[in-house]
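Student: I would like to go through this structure with you and ask, for each label we attach to a part of it, what justifies that label.

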Amino acid sequence: MVSTATSKIIIFWGDGNGNFKQKSEVTVPKPFVHVVDINVGDLDGDGTREVLLIATQGHRPSDKNFYKGYGFLKLDIVKRNLVKPILLESNKNVRWFPWIYVCDMDNDGSDEVFSFVVQRSLDRKKTGKPAFYYSSPN
Ligand SMILES: [Ca+2]
Ligand SMILES: [Ca+2]
């Protein structure tokens, strides 16, 4: 699975012999067009994991909103078709850390998703303070 600079998510499907001739693709909805991390987790605790995307605004450093804000999206895959990603939570203004971590933090059977703030003055070390936290409303 890859993300491209054209806001697309592409999955290349293998045939079990090292060949990836089939592909499926979908475009991430605006304004969160720049996907910076992909992960998987079972948000609703139904035993099936969802594909999770974290995206920000702006593709290039010259873009006014480059790496500003976040959109947290769920991508459903039906057979080999990708459904248009659903925005679960977003903020257009915050600064944040681009990688998401997924685990069941409270042991209730559904995964939580989080990301850490980076302290830029300390050689970009993580502060341990959450920049983003998502827990399914179930
Ligand atoms: Ca699930
Ligand atoms: Ca949980």
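The conversation below takes the labels one by one.

Student: What makes this a model to be read with some care?

Tutor: This is a predicted model, in which local features need pLDDT of at least 70 and side-chain atom pairs count only at pLDDT 80 or more, while totals for chains, interfaces and linings use all residues. Residues are numbered from 1 along each chain as its sequence is written, and chains are lettered from A and ligands numbered from 1 in the order in which they are written. The pLDDT, which is the predictor's confidence in each residue from 0 to 100, has a mean of 88 over the protein chain, and 91% of the residues reach 70 or more. Among the elements, strand S12 (residues 125-135) has the lowest mean, 77, and strand S10 (residues 101-103) the highest, 95. Where pLDDT is low, the predicted coordinates should not be read in detail.

Student: How many helices and strands does the protein chain have, and what counts as one?

Tutor: Helices (H or I, at least four residues) and strands (E, at least two) are DSSP runs, numbered from the N terminus. By that criterion the protein chain has zero helices and 12 strands.

Student: Why is the protein chain called as compact as a globular protein of that length?

Tutor: The radius of gyration, taken over C-alpha atoms, is set against the globule rule, which is 2.2 Å times the number of residues to the power 0.38. For 138 residues the rule gives 14 Å, and the protein chain has 16 Å, which is close to it, so the chain is as compact as a globular protein of that length. Along its principal axes the C-alpha trace spans about 45 × 40 × 25 Å.

Student: What makes S4-S5-S6-S9 an open sheet, and why are S4 and strand S9 at the edges?

Tutor: Two strands pair if DSSP finds at least two bridges between them. S6 and S9 are joined by five bridges and run antiparallel, so this pair meets the requirement of at least two. One of the facing pairs is Phe 72 opposite Glu 89 in S9. The four strands follow the order S4-S5-S6-S9 with antiparallel pairing; S4 and strand S9 (86-91) each have a single partner strand, so one side of each is left without a neighbour in the sheet.

Student: How do you know that S1 and strand S2 are paired?

Tutor: S1 and strand S2 (residues 8-13) share two bridges in the antiparallel sense, which satisfies the cut-off of at least two, so they count as paired. Ile 9 in S2 is the bridge partner of Ser 3. These strands belong to an open, antiparallel sheet of three, in the order S1-S2-S3, where strand S1 (2-3) and strand S3 (22-27) are the edge strands, each pairing on one side only.

Student: Why is Gly 71 called buried, and Val 51 partly exposed?

Tutor: A residue is buried if 20 or more other C-beta atoms lie within 10 Å of its own, exposed if 12 or fewer, and partly exposed in between, with C-beta atoms placed from the backbone. Gly 71, in strand S6, has 24 such atoms within 10 Å and is therefore buried. Val 51, in strand S5 (residues 50-57), has 18 and is therefore partly exposed. Of the 138 residues of the protein chain, 20% count as buried.

Student: What makes Leu 73 part of a nonpolar core?

Tutor: A nonpolar core is a set of buried Ala, Val, Leu, Ile, Met, Phe, Trp, Tyr and Cys residues joined through C-beta atoms within 7 Å. The largest one holds 18 residues, and Leu 73 is among those touching the most other members, together with Val 28, Leu 53, Ile 54 and Ala 55. Contact likewise means C-beta atoms, placed from the backbone, within 7 Å; leaving aside neighbours within four places in sequence, the contacts of Leu 73 include Val 28, Leu 53 and Ala 55. S5 and strand S6 (68-75) are the elements that give two or more residues to this core.

Student: What makes Lys 79 and the bond before Pro 31 stand out?

Tutor: Most residues other than glycine have a negative phi, and most peptide bonds are trans. Lys 79 has a positive phi of about 55° although it is not a glycine, and with 5 C-beta neighbours inside 10 Å Lys 79 counts as exposed. The peptide bond from Lys 30 to Pro 31 is cis, with omega near 5°, and Pro 31 lies in the loop between S3 and strand S4 (34-41).

Definitions and conventions
Two residues are in contact if their C-beta atoms, placed from the backbone, lie within 7 Å.
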